[in-house]
Amino acid sequence: MTLEKLVKLFDHTCLAAYAVDADMKKLCAEAREYGFAMVAINSVQTKLCKELLKGTDVHVGAAISFPLGQTTIEAKVYETRDAIENGADEIDYVINIGRLKMGDYDYIREEMRQIVAVCKENNVISKVIFENCYLTDAEKRILCEIALEMKPDFIKTSTGFGTGGAALEDVKLMKSIVGDAVKVKAAGGIRDLKTCLAMVEAGAERIGTSAAVKITEEFKAL
């Protein structure tokens, strides 16, 4: 692992309900300074972050139906389009966990199909948040198989707002099913270099964390 590769793993995250413009300015300044892959923010802050990151290669990533996923497909598609119009380069949306629990896999498939299609139309990266802490392994496998059909760019372990975050076992399971066809993002509770590198070793190609600066400095101190 090199420093250049490490920083490009990070989706530098500030998704707090109480985040204000000053938090976005700090987040984007750090992302600009370190050269992180993306800033992960609630969609309302998309336009501001796009302006703050103008002239850099740091992407703006909007969280959609976050953190519960309990909005209609139509609402998620609208929010996705709105975020893209405001400058989003990447979209992280939360699946309808209730529909998955009910066994309504056609709904989950259609939701993913529509959101991924909007992203592809606009050359925007799509990420599907599973929220694994609420799912059985069988449900995780079903989601992975649907992702293999719908081809989002990434599947993602967690929002960081559930009862649990990224787990190595989940990253390994997800990777074992999707292989190289879909990438895996680990997010939630990753706060040190050891955990970050373990997630990468397990198959994660993006790391969502609010501790990207801390982890990078830890790496630089080695």
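Here are a few notes on this predicted model, going from the whole chain down to one helix.

1. Start with the overall build. If you count the secondary structure of the protein chain, you get ten helices and eight strands. Along its principal axes, the C-alpha trace spans about 45 × 35 × 30 Å.

2. Is the fold compact or spread out? A compact globule of 222 residues would have a radius of gyration near 17 Å, and the protein chain comes in at 16 Å, so the two agree. Buried residues account for 53% of the 222 residues.

3. Next, look at who touches whom. Take the contacts between residues at least 6 apart in sequence: 69% of them join residues at least 24 apart.

4. Now the outside. The protein chain exposes about 9900 Å², and 53% of that comes from carbon and sulfur atoms. As for charge, there are 29 positive and 34 negative side chains, with the centres of the two sets 2 Å apart.

5. Zoom in on helix α8, which runs over residues 168-178. Which of its residues are buried? They are D170, V171, L173, M174, K175 and V178. Notice that charged residues D170 and K175 are on that list too. A handy bit of background: an α-helix has 3.6 residues a turn, so residues three or four places apart point the same way.

6. What covers those buried residues of α8? The cover includes two helices, α7 (137-150) and α9 (193-202), along with the strands β6 (154-156) and β7 (183-187).

7. Finally, check where the helix stops. Just after α8 comes G179, which takes a positive phi of about 55°.

Conventions:
Residues numbered from 1 in each chain as written. Predicted model: local features only at pLDDT ≥ 70, side-chain atom pairs only at ≥ 80, totals over all residues. Heavy atoms only, no water. Helix = DSSP H or I, 4+ residues; strand = E, 2+ residues; numbered from the N terminus. Rg over C-alpha atoms; globule rule 2.2 N^0.38 Å. Buried < 20%, exposed > 50% of the residue type's maximum accessible area, 1.4 Å probe, protein only. Contact = heavy atoms within 4.5 Å. Areas by Shrake-Rupley, 256 points an atom, 1.4 Å probe, with all protein chains shown as cover. Charge placed at Lys NZ, Arg CZ, Asp CG, Glu CD.
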